[in-house]
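Thank you for making time this morning. I would like to walk you through one structure, slowly, and I will try to say only what can be read from it.

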Amino acid sequence: MRHWQEELAASVAAWDARGWPRPDVVVVSGSGLAVDLGTPLDSAPIADLLPFPVHAVAGHPLRAELLRLPSGRVLLSSRGRLHAYQGYEPGQVVYIVRLAALLGARTLVLTNAAGGIDPSLAAGDLVLISDQINLSGMTPLWGEPPEAWGPRFPDMVDAYSADLRALARQHAEGLGLTLSEGVYVGLAGPAYETPAEVRMLRALGADLVGMSTVLEVIAARHLGMRCLGVSLVANPAAGVSPEPLVHADVLAAGARAAGRLQAILRGVLEDPRLG
């Protein structure tokens, strides 16, 4: 399995040749969830940073922005992401995450739109991801990744940092918002789940279901990054509600939640405890 290490080394060199400062934090935004988080320094199509052709899904503009936060931190914001269901292999799906880590970023913040498996979750809820189940049938660690990237068998016990979740809850509470927590299960997609599959996932302990995130977190943890994940419940999962699942509804839910998500993430990213 290809890990793109030579291309990543070239991407690091190309980043420096642009004269861009290296990021401290990287944010990868899901469907309709790209928000403004700092003062723009520069931006480019994500395609300019990748050594392979890319094509976007609706709601994923695929643009990389370099931002300066008031604290002085530099943020790489990936507006949109690549998905395996588009035909990308795992090493391509996680390319931006690995690039950010090799540039020195130590924290990864991810947002996604998810189906709510837990019946107590309502469309529009923001949920901190406490853990994940990877049922995509894939991993970015197939083959032999470079030893310098991390251990061959990385520990995933603290896949989503408890400290970062506590930080997000504190900032949400300061805004009068409540964040629940849940387990996210990642499937390959792109078809939505059947009601029978949703019942199975609930029995496995999942609260949220989507088609992204799990590969990015595996790659990030392998490279020693801390991860914070926030899911927007875009709709109840199949069978939880009688309504059909429509991608346009996912984008509309993201637009409605954008202000709350932006306020929470700005607080987290500005907090000196972020490290």
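**A buried arginine, and what surrounds it**

Let me begin with R165, which counts as buried because its relative accessibility is 13%. Please keep in mind throughout that what you see is a predicted model. R165 and E181 meet through their side chains in a salt bridge, at 3.2 Å from N to O. The two residues come from distant parts of the chain, since E181 sits in strand β7 (residues 180–186) while R165 belongs to helix α4 (residues 162–174), and they are 16 residues apart. E181, for its part, is partly exposed, with a relative accessible area of 34%.

How many salt bridges does the structure hold? There are 10 of them, and I would like to show two more. In one, the side chains of D36 and R79 meet at 2.7 Å, again from N to O. This pair also links distant parts of the chain, with D36 in the loop between β1 and β2 (39–45), R79 in strand β4, and their positions 43 residues apart. R79 counts as buried, at 13% relative accessibility, whereas D36 is partly exposed, with a relative accessible area of 44%. D36 and R79 also belong, together with E65, to a network of salt bridges. In the other example, E144 forms a salt bridge with R152, and the closest N and O atoms there are 3.5 Å apart. Here E144 counts as exposed, at 60% relative accessibility, and R152 is partly exposed, with a relative accessible area of 33%.

**The overall fold**

Let me now step back to the whole protein. Its secondary structure comes to 7 helices and 9 strands. The radius of gyration is 17 Å, close to the 19 Å that the globule rule gives for 275 residues, so the protein is as compact as a globular protein of that length. If you follow the C-alpha trace along its principal axes, it spans about 55 × 40 × 35 Å. Of the 275 residues, 55% are buried, and the accessible surface comes to about 11100 Å², with 55% of that surface belonging to carbon and sulfur atoms. When we take contacts between residues at least 6 apart in sequence, 81% of them join residues at least 24 apart.

**An enclosed strand**

Please turn next to strand β1, residues 25–29. Why can we call this strand largely enclosed by the rest of the structure? The reason is that 5 of its 5 residues are buried. Both of its faces are covered, with V25, V27 and S29 buried on one side and V26 and V28 buried on the other. Strand β1 is joined to strand β4 (residues 74–79) by 5 bridges, and these two strands run parallel; within that pairing, V25 has L75 as its bridge partner. Strand β1 also runs parallel to strand β5 (residues 107–116), to which 4 bridges join it, and there V26 stands opposite L108.

**The nonpolar cores**

V26 and L108 come up again when we look at the largest nonpolar core, which has 51 residues: along with W15, L50, F52, L208 and M225, they touch the most other members. Helix α3 (residues 95–103) gives the most to this core, with 7 residues. If we leave aside neighbours within four places in sequence, W15 is in contact with W20, P21, R22, P23, L49, L66, L76 and L103. Apart from this core lies another, of 27 residues, and among them are V109, A168, A172 and V230.

**Some backbone details**

I will finish with a few places where the backbone deserves a careful look. The peptide bond from G189 to P190 is cis, with omega near 0°, and P190 is found in the loop between β7 and α5 (195–203). Two residues other than glycine have a positive phi: W4, where phi is near 65°, and T213, where phi is near 75°. W4 has its place in the segment before α1 (5–18) and counts as buried, at 5% relative accessibility. T213 lies in the loop between β8 (208–210) and α6 (214–222), and T213 is buried as well, with a relative accessible area of 2%.

How values were computed: Residues numbered from 1 in each chain as written. Predicted model: local features only at pLDDT ≥ 70, side-chain atom pairs only at ≥ 80, totals over all residues. Heavy atoms only, no water. Core = buried A, V, L, I, M, F, W, Y, C linked by side-chain atoms within 4.5 Å. Buried < 20%, exposed > 50% of the residue type's maximum accessible area, 1.4 Å probe, protein only. Contact = heavy atoms within 4.5 Å. Pairing = 2+ DSSP bridges. Rg over C-alpha atoms; globule rule 2.2 N^0.38 Å. Areas by Shrake-Rupley, 256 points an atom, 1.4 Å probe, with all protein chains shown as cover. Salt bridge = Lys/Arg side-chain N within 4 Å of Asp/Glu carboxyl O.
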